[in-house]
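Biologist: Could you take a close look at the salt bridges of this model for someone who has not seen the structure before? Please go through them one after another and say where the partners sit.

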Amino acid sequence: MKLIEGNRIINRKSFLKYPSFYRKMIVFTLLSSIIPIIILGITSYILTSKTAKDNASQDITQVLSYASETIDNGLERVENNLIQLELSSFFTSDLKEMKRTNYSGFYSSIYQNMLAFMNGNPLVKDISLYTLDENYLISSTYGGKKMESAVEREKYEKLLENNQQLVWQAGYFQGGQVYDSGITLTSTIPLHTKDPIGIIQVIIDNKAFESLTAKFVKYKSQHMFVIDEGGQLVFHMNGSEVPKDLFELITVAHEGKQEFIYQWQGREYLVTSMVSPIKKLLFVDMIPTAELYSSARKIAGITIGIVLVVLAAGIALAMIGTKRVYSPIRKLVSHISDNQQADMGTDEFNYVQQRWKEINSKASQLEGQINQQFPLIRELFALRLLEGQFSHERREHLHELLRRYAIPETQCAAVFIISYDHLSDAGKFQESDKDLILFIIKNMTTELLEQQQLEGLVINGLNDQVVVWLWTEDEEMNAWSNHLKFGIEKIRQQITHFLQSPATIGLSRAASQVEELPDLYREAQLAIYSRMINGGNQIIESKGLAVSMMYRYPAEIENHLIDSLQVGDLAETKRLLNAFSDKVQSAVHNPELIRMSYDQLLSTTLRTVYLMNMSPEQLFGRTASELNFDMRSCTTIHSINEWLIDRIFEPIMMSVSGKRNQEYEQLIEKVTDYIAANYNLDISLDQCAQICNLTPQYLSKLFKRTMDISFIEYLTQVRVEKAKELLEATDLMVNEIAEQVGYNPKNFIRVFKKQVGLPPGQYREMHRK
């Protein structure tokens, strides 16, 4: 006996040298892998083979059904067409009289009708008419012929002995020769008469059957037969010989069975039979089972191959897996025996059990020591749990740890963090007393929790903070949360009173899953950090974890804010400052990052002041470093925003507004001087805007705001005043004065009257008196 172990081959003797449990594992693993694979392979082969055979048999039944339906429909169509032919006007007329009066026309008409019938029925090989009085046969294929042979005449005359008007018969008679296969449809002419003049014979040979059923033959050695009710062969495919006992087996021995296995000429065939619904012909299909079930054999071969491959892989993996699984046991035994050779007896586990008793006695000695350190260990476990070090543990393991440290597994929990803001000068303690302060806060909190009947664990956060994990097993979370807030506020007030310094508590939301504790702890931390936003000396409740870790400095908002400063838009500046504040508040976890963001905003603002040719000392009365120190003394974002608006933005706005008004006055003065010098010309707003390098729309607004009158109104006033002077001081005609002030006479009179209230002539008469 040889066994594979990794890349080595070991014989039976060396195998027996392995420990007993290792041998048991190998045997068990091999049996566990080999037996299921073999069972699976056999089951797969049986199921796939059966499915393949069932599908093949079902396909054959469908093929036979399609073939029988196709042949039935074809024969029915030929029969119907023959009836239509015999009921046509020609064949229903007095054929004997027609033959007597127009002999040649009679046979010509018959021949044409038969040719038309042949053209409309592709299945028909030949249609012929045998006249009883002349023993003359006219065929659509072979033309006319006198039947001289008594045997041939007797053959046709026997057809009259059948009382049926339309008769289907197996085989056919043509040209003096009898054919076994094929089928003949015989009818008297005229139809439904006791005194016929002849017999029509429609012949369908085996070629028509082959053309219709060739698409249904899928196997090389497949045979298909069509047999009438008397057992006579009608059609065949791939063989004209019908097994002698096949008809009897189908109709008698296997009556009621649609398929069965049949031995013929040394081969096994699956015989499937079906009777056509219309003509009651028996359709028989014979397919060699070797060809029919070839796919099943292929599946069997593939299945066997797969089973062998999987079996080999299973054995190899079983050996490798057993060695790897045994490795921890080997290491355990080695570890317990201190890596020394040991007599394990019959089983490794017996040895481990003996050693375990020895170790257990030592463990009991250490248990007393551990109990003394239990509170500290419990507190350390809680802190690690809050920090998320057990986030990836299995739920069962986590609950086992909770039970070990006497903490409820199912609970509603909340976390809050206590931190003193700063020590006042009049307080009891100094900065050097931090450890003592934390000790006092922890003990006071523990005592006050007991007084408030709140269950929980008080933990030294090791960062000048005290962390409290509270829980309840009561299902009424809302009522517990309300009681919790009242108790926490009382704790904060007591601590503040005792320390004589402000204290802040960051409170998380309440949650019903122990697995959410790291999130609750993080929420409480963010609430404490948010003192930068909300101010201290209060309880700050968390609004949930924010996406603050993705914080990015709002440079776009800063750019728009600086643009608003440069144009002197205070309202827009305030709006953008609020947007800036909302953005930086997402960094609540890092107050110093908020400080740095505002420092950058202040630096950018001061740089803009320099670029605007302003002096910070003259504008603000403080140097840049002094301004930065003043902003750092603000404790909340709200106070920083108020300081920026009052001390920085508003002075800039006033300076920008003053300079801008002066510039505006200079530009408007340039426009008014141009109007005064060129009022007699065709002056437009576009011309003046081009002189000032402004847009016409902006100049129009600026002119209106500065002069309190529109550009057109001002130009009109200048021209009218100049016209008044000319009317009072000169004898120029009104038309001449209109041209000198830039109007045509008609418009001048209208504008002058609208502005003064009098026409130019009347104004001159009144003022010259």
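Modeller: Counting every side-chain nitrogen of Lys or Arg within 4 Å of a carboxyl oxygen of Asp or Glu, the total comes to 14 salt bridges, and it should be kept in mind throughout that this is a predicted model. As background, side chains of opposite charge can pair when their charged atoms come close.

One of these pairs is R395 with E515, whose closest N and O atoms are 2.8 Å apart. R395 belongs to helix α12, which covers residues 395-404, while E515 sits in the loop between β17 (503-507) and α15 (517-529), so this salt bridge ties together parts that lie 120 residues apart in sequence. As for their surroundings, R395 is partly exposed because its relative accessibility is 44%, a value that falls between the limits of 20% for buried and 50% for exposed. E515, at 35% relative accessibility, also counts as partly exposed.

A pair with its partners in a single helix is made by E721 and K724, where the closest N and O atoms are 3.5 Å apart. Both residues are in helix α25, which runs over residues 711-729, and because they are 3 residues apart there, about one helical turn separates them. E721 has a relative accessible area of 42%, so this residue is partly exposed.

The side chains of R622 and E626 form a further salt bridge, with a distance of 4.0 Å from N to O, and that value can be set beside the cut-off, which asks for the two atoms to be within 4 Å. R622 is partly exposed, its relative accessible area being 28%, and E626 is likewise partly exposed, with a relative accessible area of 33%.

Salt bridges can also be joined to one another, and in this model R509, E516 and E523 are linked in a network of them.

For contrast with these charged pairs, one may turn to a part of the surface where the residues are nonpolar: V27, L31, I35 and I39 make a nonpolar patch of about 360 Å². V27 has its place in helix α2, and with a relative accessible area of 44% V27 is partly exposed. Helix α2, residues 20-86, also takes part in the interior, since α2 and α6 (206-213) are the elements that give two or more residues to the lining of the second largest cavity. That lining has 8 nonpolar residues, 1 polar residue and no charged residues.

How values were computed. Residues numbered from 1 in each chain as written. Predicted model: local features only at pLDDT ≥ 70, side-chain atom pairs only at ≥ 80, totals over all residues. Heavy atoms only, no water. Helix = DSSP H or I, 4+ residues; strand = E, 2+ residues; numbered from the N terminus. Nonpolar A, V, L, I, M, F, W, Y, C, P; charged D, E, K, R; others polar. Patch = residues over 30% accessible without salt bridge, like charges linked within 9 Å, V, L, I, M, F, W, Y side chains within 5 Å. Areas by Shrake-Rupley, 256 points an atom, 1.4 Å probe, with all protein chains shown as cover. Buried < 20%, exposed > 50% of the residue type's maximum accessible area, 1.4 Å probe, protein only.
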